[in-house]
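Open the model in your viewer and keep the selection box handy. We will walk through it stop by stop, and at each stop you will get something to select and something to look for.

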Amino acid sequence: MKSRTGGAMAKVINFNPGKNVKAGIFEKYMKDNDLNFFQRRDTHDEKDSVAFITAIPAGSHRLVAAVITDNSMYTLLRIHLGVAPAGPARKTFIRFLEQLNAAHSIFKYSIAEDDNTFLDICVTTRPESFDPEVVRTSLNLIIFHLKDNYEDIARRLSKPGDASDGFELRSEE
């Protein structure tokens, strides 16, 4: 295939999402490895999303975490960090998150419209090549990172995350 300028172009490979096969692969991996600390939540949406919810350690805290699979080539690991501050402290907090994003390229810190603050990792793979070990390694990276950094994050939040307070992650990504 040639471009208009005469150079070679990359071949386009069609991606036709269908059923969420990653959820079944991840569930089998968890069973095979005796990882029984996730709760499965099917959302029954157009992406066939399934969220696997757990709590992870972060310093002296426990945070809600989710592995969100769907029929796309993306798998999202999302950690609820807490609630962002309002008022003048918000600008400082946003700058702090921007610095974290710049320093840690695998992580994405963000504030949702409802002021909940998240740490995300997006794993990209074709569903038939999905490797749950990559998800597990990514989750381990998050835990290691938060062990050293969450106390600093928590003191800047108006309300730190707490897995015991009933917070629900939504998988509308």
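Start near the end of the chain and select Gly-161, in the segment after strand S7 (159–160). Bear in mind as you go that this is a predicted model. Is Gly-161 buried or exposed? Gly-161 is buried, because its relative accessible area is 2%, below the 20% cut-off for that label.

Now show what surrounds Gly-161. Leaving aside its neighbours within four places in sequence, Gly-161 is in contact with His-61, Arg-62, Leu-63, His-80, Leu-81, Gly-82 and Tyr-150. Draw a distance from Gly-161 to Leu-81, C-alpha to C-alpha: you should get 4.7 Å, although the two are 80 residues apart in sequence.

**Next stop: Leu-81 and the core**

Stay on Leu-81 and expand the selection. Not counting residues up to four places away in sequence, Leu-81 touches Leu-63, Tyr-109, Thr-117, Phe-118, Leu-119, Leu-146, Tyr-150, Ile-153, Leu-157, Pro-160 and Gly-161. Leu-81 is also one of the residues with the most contacts inside the largest nonpolar core, along with Ile-79, Tyr-109, Ile-142, Leu-146, Tyr-150 and Ile-153. That core has 35 residues.

Which elements give two or more residues to this core? Colour helix H1 (21–32), S2, strand S3 (61–69), strand S4 (74–83), helix H2 (88–103), strand S6 (116–124) and helix H3 (132–156) to see them. H3 gives the most, with seven residues. Apart from this core lies another, of six residues, among them Ile-53, Val-64, Ile-68 and Leu-76.

**Walking along H3**

Select H3 on its own. H3 has 25 residues, and the distance from its first C-alpha to its last is 33 Å, close to the 36 Å expected at 1.5 Å a residue. Where does H3 bend? Centre on Asn-149, where the bend is about 60 degrees.

Go to the N-terminal end of H3 and add Asp-131. Asp-131 caps this end, with a side-chain oxygen 3.0 Å from the backbone nitrogen of Glu-133.

Now pick out the buried residues of H3: Pro-132, Val-135, Ser-138, Leu-139, Ile-142, His-145, Leu-146, Tyr-150, Ile-153 and Ala-154. Pause at Ser-138, which has a relative accessible area of 7%. Beyond its neighbours within four places in sequence, Ser-138 is in contact with Leu-77, Ile-121 and Val-123. Between Ser-138 and Leu-77, the C-alpha to C-alpha distance is 8.1 Å, with 61 residues separating them in sequence.

**Over to S3 and its partners**

Hide H3 and select S3. Seven of the nine residues of S3 are buried, so this strand is largely enclosed by the rest of the structure.

Bring in S2: the two strands run antiparallel and are joined by nine bridges. One pair to click on is Ala-58 with its bridge partner in S3, His-61. The hairpin of S2 and S3 has two residues between the strands, and in it Gly-59 takes a positive phi near 65 degrees.

Then add S4. S3 and S4 also pair in the antiparallel sense, over four bridges, and a hairpin joins them through four residues. Find Ile-68, which stands opposite Leu-76 in S4. You have already met Ile-68 and Leu-76 as members of the six-residue core.

**A loop with unusual backbone angles**

Move to the loop between strand S1 (39–42) and strand S2 (50–58), where you will find His-44. Asp-48 is in the loop between S1 and S2 too. Most residues other than glycine have a negative phi. What is the phi of His-44? His-44 has a positive phi of about 55 degrees although it is not a glycine, and Asp-48 likewise has a positive phi of about 55 degrees. His-44 is exposed, with a relative accessible area of 73%, whereas Asp-48 counts as partly exposed at 29%.

**Zoom out**

Finish with the whole protein chain on screen. There are three helices and seven strands, and from the N terminus on they run α-β-β-β-β-α-β-β-α-β. Buried residues make up 39% of the 173 residues. Of the contacts with a separation of 6 or more, 62% are between residues 24 or more positions apart; the Gly-161 and Leu-81 pair, 80 residues apart in sequence, is where your tour began.

Note on methods:
Residues are numbered from 1 along each chain as its sequence is written. This is a predicted model: local features need pLDDT of at least 70, side-chain atom pairs count only at pLDDT 80 or more; totals for chains, interfaces and linings use all residues. Side-chain values use heavy atoms; hydrogens and water are left out. Buried means under 20% relative accessible area, exposed over 50%, partly exposed in between (1.4 Å probe, protein chains only). A nonpolar core is a set of buried Ala, Val, Leu, Ile, Met, Phe, Trp, Tyr and Cys residues joined through side-chain atoms within 4.5 Å. Contact means heavy atoms within 4.5 Å. The expected span of a helix is 1.5 Å times one less than its number of residues. The bend at a residue is the angle between axes fitted to the seven residues ending there and the seven starting there. A polar contact is a pair of N or O atoms within 3.5 Å; within protein, one must be able to donate a hydrogen and the other to accept it, and residues adjacent in sequence count only if both atoms are side-chain atoms. Two strands pair if DSSP finds at least two bridges between them.
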